[in-house]
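Colleague: I'm new to reading models like this one. Could you show me how you reason from a value to a label?

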Amino acid sequence: MREAGLRAGKVLVVTDSNVAAHYRDRLDALFIKDGWDALVLVLPPGETTKSPKHLHAIYDAALAWNVDRRTPIVAFGGGVIGDLAGFAAATLLRGLPVVQVPTSLIAQVDSAIGGKTGINHEQGKNLIGSFHQPELVLVDTKLLYTLNRRQWTSGLAEAVKHALIDDEPFFAWIEKEWNRLLARDPEVIADMVYRAAKVKARVVSEDERELGQRALLNFGHTFGHALEHATGYGTLTHGEAVVLGMRAATFLSRRLHAKVDQVRIEAVLGTFPLPALPDGLTSGELTAAMRSDKKAQAGRLRFVLLRKIGLAYVEDDVMPSDLEAAWDHVLGPR
Ligand code: NAD
């Protein structure tokens, strides 16, 4: 943090109780050893923490402690803490420096990079927020061993997504190391996180405000959001829904582009450990869920598809019969 130009002194650390249970003592010791005066705010875990209430808890703690414009906020946690503490930093005193220390795999390969911060509103996720780039993103892959299995596979989904949209050699490496990645083998984790984070950094540095290319990071998400919605939030994690969404988007891509190697992609995506989908879920229901999405209401449905592995683009001309077939592919025989 000193090397990144931050002034040593007060630092406000925001974390959640799961992360604190594992790492609080070591974190406190590190700051004390290096001469920082750290105030650690521990919030409840989970998506509901990305709320006005917890945002204000950060404001209250920071202001009561007399932070000034050079006091850094350290977001020490998964994507929830990163988004929330990042937004608090963006808005407190018109902007404090933020350091992202992502502790979940999703956060290390995705959410801590790119500067998107924010909270949820009753009307939808991430509706209030801003772009606020971190001074520093500090990734330590040793933190990832205390994640549970579903949190691990959800993060892997985002890493595979980055390979599919932008980096064929990375995808080939994932194919080769797939069993070790699923098993969280320490020998391959750092390489995977580095390569996935690099894709995210490259894409967002070319299109910080999502005017174009950054939208490609939504590969699998139009389908994934519909699945989360139709199965009731919580049945599937976001990453699990994205895995199925990427299978549907790959199917659709293959219908339009002969170069899409669906067999290779299925060999990875089809072997993700996923919970069973509810009985009776139909392609019609899922298509309806897709059309009810707020972003879709304004115009035609837009999909991020592949021309081939490593090359994604946005398509808004998809035939309803192809869409239905893509859902049927994911739902399987029922
Ligand atoms: P999360 O922060 O809720 O973390 C998932 C769970 O893992 C939580 O229960 C957390 O307490 C626990 N956890 C985190 N690190 C741990 C560790 N090292 N050991 C044990 N447990 C640990 O959510 P997430 O899955 O990290 O991220 C999802 C959030 O990220 C969503 O809110 C999403 O909107 C956001 N997101 C933001 C961006 C962005 O660009 N800003 C991108 C993708 C996702």
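Modeller: Happy to! Please keep in mind that this is a predicted model. Let's begin with helix α1, which gives four residues to the shell around the ligand, the largest share.

Colleague: Which elements give two or more residues to that shell?

Modeller: They are α1 (17-33), α3 (79-91), α4 (105-111) and β6 (124-131). By type, the shell residues divide into seven nonpolar, 10 polar and eight charged.

Colleague: Which of the 25 residues around the ligand come nearest?

Modeller: Those are D16, E47, T103, S104 and T146.

Colleague: What makes the pair between E47 and the ligand a polar contact?

Modeller: An N or O atom in the E47 side chain is 2.7 Å from an oxygen atom of the ligand. The cut-off for such a pair is 3.5 Å, so this one counts as a polar contact. You can try the reasoning on D83 too: an N or O atom of its side chain is 3.0 Å from a nitrogen atom of the ligand. For T103, a polar side-chain atom lies 2.7 Å from a ligand nitrogen atom.

Colleague: How much of the ligand does the protein bury?

Modeller: The ligand taken alone exposes 860 Å², and the protein buries 85% of that.

Colleague: Now to another spot, T287 in helix α11 (residues 283-292). Why is T287 called buried?

Modeller: Its relative accessibility is 13%. Buried means under 20%, so T287 earns the label.

Colleague: What is T287 in contact with, leaving aside its neighbours within four places in sequence?

Modeller: T287 is in contact with L323 and W327.

Methods:
Residues are numbered from 1 along each chain as its sequence is written. This is a predicted model: local features need pLDDT of at least 70, side-chain atom pairs count only at pLDDT 80 or more; totals for chains, interfaces and linings use all residues. Side-chain values use heavy atoms; hydrogens and water are left out. A residue is near a molecule or strand if one of its heavy atoms lies within 4 Å of it. A polar contact is a pair of N or O atoms within 3.5 Å; within protein, one must be able to donate a hydrogen and the other to accept it, and residues adjacent in sequence count only if both atoms are side-chain atoms. Accessible areas come from the Shrake-Rupley method with a 1.4 Å probe; for residues, only the protein chains shown count as cover. Ala, Val, Leu, Ile, Met, Phe, Trp, Tyr, Cys and Pro count as nonpolar, Asp, Glu, Lys and Arg as charged, and the others, Gly among them, as polar. Buried means under 20% relative accessible area, exposed over 50%, partly exposed in between (1.4 Å probe, protein chains only). Contact means heavy atoms within 4.5 Å.
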